[in-house]
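Visitor: I would like to learn how to read the features of a protein model, step by step. Could you guide me through this one?

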Amino acid sequence: QLQLVESGGGLVQPGGSLRLSCSASAFIFRYNTIGWFRGAPGKEREGVSCISSGADYTYYADSVKGRFTISRDDAKNTVYLQMSSLKPEDTATYYCAAAPRITTAEHLCTSPPAVDAWGQGTLVTVSS
């Protein structure tokens, strides 16, 4: 069974940077489309960025385009989310999710189907 663990969250000042990691327990991870989502009280869950198996395709929400970069290292069973120029509105719990490779990156982020696994989340707080 695929298990995902997020790490890298924390407190950062506006304009700062963080790198989140999503590590998987299983080799099959490399065959999954992986996405980063975020949720905050009073807000709908948002698909932030997603990456296809093989990293051929990526998707970014308009709210993070140009500031966040998603990447994957399948040798380490890990997907990263590099976040720069952070804003207070980026404050949220960030989750990663894995879907079958047939799911496109855009589909996973914009209208997630049933996913194979969710992580437990890592909290990012952007505040001075």
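Visitor: How many aromatic pairs does the structure hold, and how is such a pair described?

Guide: In general, a pair of aromatic rings is described by how far apart the centres are and by the angle between the planes. In this model, which is a predicted one, there is one aromatic pair.

Visitor: Which charged end sits over the ring of Phe37, and which residue lies over the face of Phe29?

Guide: The idea here is to look for a charge placed above the flat side of a ring, with the Arg atom CZ within 6 Å of the ring centre. The charged end of Arg45 is found over the ring of Phe37, 5.4 Å from its centre, while Arg72 lies over the face of Phe29, at 5.4 Å from the ring centre.

Visitor: Where is Phe27 placed, and which nonpolar patch is it part of?

Guide: Phe27 belongs to the loop between strand E3 (18–24) and strand E4 (32–39), and together with Ile28 and Tyr31 it forms a nonpolar patch on the surface, with about 310 Å² of accessible area in total.

Visitor: Why does Phe27 count as partly exposed?

Guide: A residue is called buried under 20% relative accessible area and exposed over 50%; Phe27 has 49% relative accessibility, so it counts as partly exposed.

Visitor: What does the secondary structure of the protein chain come to?

Guide: The protein chain has one helix and 11 strands, and reading along the sequence gives the pattern β-β-β-β-β-β-β-β-β-α-β-β.

Conventions
Residues numbered from 1 in each chain as written. Predicted model: local features only at pLDDT ≥ 70, side-chain atom pairs only at ≥ 80, totals over all residues. Heavy atoms only, no water. Phe/Tyr/Trp six-rings, centres within 6.5 Å; stacked < 30°, edge-to-face > 60°. Lys NZ or Arg CZ within 6 Å of the ring centre and 35° of its normal. Patch = residues over 30% accessible without salt bridge, like charges linked within 9 Å, V, L, I, M, F, W, Y side chains within 5 Å. Areas by Shrake-Rupley, 256 points an atom, 1.4 Å probe, with all protein chains shown as cover. Salt bridge = Lys/Arg side-chain N within 4 Å of Asp/Glu carboxyl O. Helix = DSSP H or I, 4+ residues; strand = E, 2+ residues; numbered from the N terminus. Buried < 20%, exposed > 50% of the residue type's maximum accessible area, 1.4 Å probe, protein only.
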